[in-house]
Amino acid sequence: MAFLKIARLGHPVLRMKANPLSKEELARDGTQRLIDDMVQTMREARGVGLAATQVHELKRLFVMEVKTANPRYPEREELELTIVANPEIKTHSEETEEDWEGCLSIPDMRGVVPRYASLVLSGLDRKGNPLEIEASGFHARVIQHELDHLDGVVFLDRMSDLSTLTHLQEFEDFWLEGGE
Ligand code: NI
């Protein structure tokens, strides 16, 4: 397995739209290796999700995993490793909620982003089997964040108020206390 180079804000690939994967393409060794490398890269970077576009691959594919031991998100509920190809939001709540987000492509920053509170996601697992995921809260937030990456959208674009944009150190100094 390999640690992949993560594109940072400003790299044009982060603004490109990824292409759907055929079942044949998904089954290919190269794609399966990419999935393994994305999982390893996400874990080493201590992310909770990683989209293929972030590692310079224009494929509609993302991975996500939340471990309670993740120091970047210490208070989040655990989420088992999930790999989704061709993700699509089937339904979502009308209700939105605001919470903090960060991104491995926008290092050292946090901002408050409104997202749908809950949703149902469909797609394919790494074997090409249909997948349906019901998610709410932080889980639904990660899904929306990663799906956005596949359409060339980053969390900054979703912020309704840029005044919450903060560096990580200042986040810890001024915003974390009394937050959730
Ligand atoms: Ni991101």
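Modeller: This model is predicted. A helix in it is a DSSP run of H or I with at least four residues, and helices are numbered from the N terminus.

Colleague: Where does Asp-173 lie under that definition?

Modeller: Asp-173 belongs to helix α5, a run that covers residues 168-175.

Colleague: Why is Asp-173 called partly exposed?

Modeller: The class between buried and exposed begins at 20% relative accessible area and ends at 50%. Asp-173 has 43% relative accessibility, so it is counted as partly exposed.

Colleague: Which residues form the negative surface patch, and which helix gives the most to it?

Modeller: The patch consists of Asp-108, Glu-170, Glu-172 and Asp-173. Helix α5 gives the most, with three residues. A patch residue needs over 30% relative accessible area, and the 43% of Asp-173 satisfies that cut-off.

Colleague: What makes His-145, by contrast, a buried or an exposed residue?

Modeller: Buried means under 20% relative accessible area. His-145 has 6% relative accessibility and therefore counts as buried. His-145 lies in helix α3, residues 137-149. Beyond its neighbours within four places in sequence, His-145 is in contact with Glu-101, Gly-102, Cys-103, Arg-115 and Phe-155.

Colleague: What makes Glu-101 and Arg-115 a salt bridge?

Modeller: The rule asks for a side-chain nitrogen of Lys or Arg within 4 Å of a carboxyl oxygen of Asp or Glu. The closest N and O atoms of Glu-101 and Arg-115 are 2.8 Å apart, so the pair meets the rule. The pair links strand β4 (residues 96-103), which holds Glu-101, to strand β5 (residues 106-116), which holds Arg-115. Both Glu-101 and Arg-115 are buried.

Colleague: Which other side chain meets Glu-101 in a salt bridge?

Modeller: Arg-141 does, with an N to O distance of 2.9 Å. Arg-141 is in helix α3 and Glu-101 in strand β4, so this pair ties together parts 40 residues apart in sequence. Glu-101, Arg-115, Arg-141, Asp-148 and Arg-158 are linked in a network of salt bridges.

Colleague: How many salt bridges are counted by this rule?

Modeller: The count comes to 10. One of them joins the side chains of Arg-60 and Asp-151, at 3.1 Å from N to O. Arg-60 lies in the loop between β1 (49-51) and β2 (61-66), and Asp-151 in the loop between α3 and α4 (155-158), so the pair ties together parts 91 residues apart in sequence.

Colleague: Why do Arg-60 and Asp-151 fall into the classes they do?

Modeller: Arg-60 has a relative accessible area of 11%, which is under 20%, so it is buried. Asp-151 has 29% relative accessibility and therefore counts as partly exposed.

Terms used
Residues are numbered from 1 along each chain as its sequence is written. This is a predicted model: local features need pLDDT of at least 70, side-chain atom pairs count only at pLDDT 80 or more; totals for chains, interfaces and linings use all residues. Side-chain values use heavy atoms; hydrogens and water are left out. Patches are made of residues with over 30% relative accessible area and no salt bridge: like charges are joined within 9 Å, nonpolar side chains (Val, Leu, Ile, Met, Phe, Trp, Tyr) within 5 Å. Accessible areas come from the Shrake-Rupley method with a 1.4 Å probe; for residues, only the protein chains shown count as cover. Lys and Arg count as positive and Asp and Glu as negative; His and the chain ends are not counted. The place of a charge is taken as NZ of Lys, CZ of Arg, CG of Asp or CD of Glu. Helices (H or I, at least four residues) and strands (E, at least two) are DSSP runs, numbered from the N terminus. Buried means under 20% relative accessible area, exposed over 50%, partly exposed in between (1.4 Å probe, protein chains only). Contact means heavy atoms within 4.5 Å.
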